[in-house]
Amino acid sequence: ATPKESTYANYIGVDPDNTNVLDRFTFSQAKAADIVVNVLYLKPTTLTEALKRSGKLGEFLDRAEKELGRKFDDDAQAFDTISNYDEDPVFSNATKRIFAKGWLEKLHQDIVPLKIEHLIDFQQEVKASLTHEGQVLFEPKAIVYTQDIAQAKAYIDAVRKLNGGVGNVYRGLRFGLDYAALDQATSLLENDGIGVERQGDAPSPIEMAFRQQDAGVRIDVLIAVNKYQKGYDLPELTTVFLDKTIQEPSLINQIYTRPATKRRHKTVGYCVDLTLGNINQQTFNTSVQLYDDGNLGAEQFITEETITQIQNDVNAALAVLKVRLGLDAATFTKERILQAVLNPSSDAERQPRQAVFFQQSKLLFKHIDRLKSPLYFKPQKAEISALYRAFLEFKDIYADTNHPDHGKIKISLDSSLTDAYL
């Protein structure tokens, strides 16, 4: 996210010898220079809702009330309180903090199968967004960062339990485990029948399999312990899942930007926080302020509420267009859109229709650009595609010329001034 090589300076038009500028080369500048793709930081509420429905909380309420000395309405309220123990003054007592932290660690282990189902659902959605005319453009990869080797092993154990003990494949995805070379980790895994290779400087067989795209040999989801966190680049890496609490802004900045590596057909990356509570979000917000001057902004941390609001805004803009153009879902095609805009039933209707078409289209594309991912607009894919192609053709018809660099419309305001454009 913060490259220092002088070649990168050329992208943003600065003097490569000016080290002060290079030291402050931010992720925002890299995105603006089209060196990397945008990455969305997601905090799924569906995981915690599934936990509340799963019965995993069990004796949680009685224990919480006893340990904390306060009454809760139900398990869910107690869980929400303890999940955010860093923010609640009731946990200023060390004993209460130890209870909260210990219970959360236990819950994290208990709900590993829920997390596996969630991450597979997510990766399947990502893969669907990378499918064109039935052809998968590339196989998306994911890394799950876990707290320690015991938690990583819990993922492999859960996969084997879910698939009936047949290898490390579940729901079409192959899982692998890799870790920083530690003797205790090697001993724990080998004693449990999980084969490992002692690693030197060369890429491990696990890493080589993770880079593969061929079915039968590739690893799709890599469970990582203290590895692949800094400087690891894999163009096919679309998603990192956080299943560890991170309180170092520099580390979360490194992990968050792993999926930013560019690749053809890759328009966006994802960082999905699977932890319970808001510690990672707070660390992420701090890292933005420290390492990117706050340029990513609050919009970079996308909640499900934000996604729903944007989807509603897109649907509202489409509804306005259909009504004003006299079309419905079946007739909302590029040809019919242009016909309605360019050849209305009366001349009096032409200018109002063109105005609302231009304004609502731009508004809709602005909403979509806030997420920068086709993943969230699959139900509207055909309508958005038709509108976009109609919009481009409309632009070409009404533009005097297109700007040679960025393709925006240039409309002459005064023929006597050749460079006066709106």
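# Briefing on helices, a pocket and ring contacts

H265 has its place in the loop between α12 (249-256) and β9 (268-273), and the phi angle of H265 is near 75°, a positive value in a residue other than glycine. The structure is a predicted model, and the points below concern its loops, a pocket, two helices, its aromatic pairs and several residue pairs that are separated along the chain.

**Residues with positive phi**

- Because its relative accessibility is 36%, which lies between the 20% limit for buried and the 50% limit for exposed, H265 counts as partly exposed.
- E133, which sits in the loop between β2 (131-132) and β3 (135-136), also has a positive phi for a residue other than glycine, with a value near 50°.
- E133 is exposed, because its relative accessible area is 74%, and this is over the 50% cut-off for that class.

**The second largest pocket**

- The second largest pocket holds about 530 Å³ of space, and of the 24 residues that line this pocket, K101, E105, H108, Q147 and T245 are the closest to its centre.
- Two or more lining residues come from each of the elements α7 (94-110), α9 (149-162) and α13, and α7 gives the largest share of the lining, with six residues.
- Sorted by class, the lining of the second largest pocket is made up of 11 polar, seven charged and six nonpolar residues.

**Helices α13 and α16**

- Helix α13 (residues 279-291) has 13 residues and should therefore span 18 Å at 1.5 Å a residue, which agrees with the 18 Å between its end C-alpha atoms.
- The buried residues in α13 are I279, N280, T283, F284, S287 and V288.
- Helix α16, with 25 residues, reaches 38 Å from its first C-alpha to its last, and this is close to the 36 Å expected at 1.5 Å a residue.
- Buried positions in α16 include R353, Q354, V356, F357, Q360 and S361, and further along the helix L364, F365, H367, I368 and L371 are buried as well.

**Aromatic pairs**

- A search of the whole structure finds 12 aromatic pairs, and one of them is formed by F122 and F241, which meet edge-to-face at 6.0 Å centre to centre with 85° between the planes.
- Because F122 lies in helix α8 (residues 112-129) and F241 in strand β8 (residues 237-243), this pair ties together parts that are 119 residues apart in sequence.
- F122 and F241 are both buried.
- The rings of F365 and Y388 also form an edge-to-face pair, because their planes stand at 90° and their centres are 5.6 Å apart.
- F365 belongs to helix α16 (residues 347-371) and Y388 to helix α17 (residues 381-398), so the contact ties together parts that are 23 residues apart in sequence.
- The partners in this second pair fall into separate accessibility classes, since F365 counts as buried at 18% relative accessibility, whereas Y388 is partly exposed with a relative accessible area of 43%.
- F365 and Y388 also belong to a cluster that ring pairs build up, in which they are linked with F357, F358, F391 and F394.

**A lysine over a ring**

- K322, found in helix α14 (residues 304-325), lies over the face of F332 at 5.9 Å from the ring centre.
- K322 is buried, because its relative accessible area is 17%, under the 20% cut-off for that class.
- K322 and I337 are 15 residues apart along the chain, and their C-alpha atoms are separated by 9.0 Å.

**Other pairs separated along the chain**

- D178 lies in strand β6 (residues 173-179) and counts as buried, because its relative accessible area is 0%.
- Although D178 and K227 are 49 residues apart along the chain, the distance between their C-alpha atoms is 7.5 Å.
- D233 is placed in the loop between β7 (221-225) and β8, and D233 counts as partly exposed because its relative accessibility is 42%.
- From D233 to T257 there are 24 residues of separation in sequence and 9.6 Å in space, C-alpha to C-alpha.

Methods: Residues numbered from 1 in each chain as written. Predicted model: local features only at pLDDT ≥ 70, side-chain atom pairs only at ≥ 80, totals over all residues. Heavy atoms only, no water. Helix = DSSP H or I, 4+ residues; strand = E, 2+ residues; numbered from the N terminus. Expected span 1.5 Å × (residues − 1). Buried < 20%, exposed > 50% of the residue type's maximum accessible area, 1.4 Å probe, protein only. 1 Å grid on protein atoms, 1.4 Å probe; cavity = no way out; pocket = protein on both sides within 12 Å on 5 of 7 lines; lining within 4 Å. Points joined across faces, edges and corners; volume = space filled by probe spheres on them. Nonpolar A, V, L, I, M, F, W, Y, C, P; charged D, E, K, R; others polar. Phe/Tyr/Trp six-rings, centres within 6.5 Å; stacked < 30°, edge-to-face > 60°. Lys NZ or Arg CZ within 6 Å of the ring centre and 35° of its normal.
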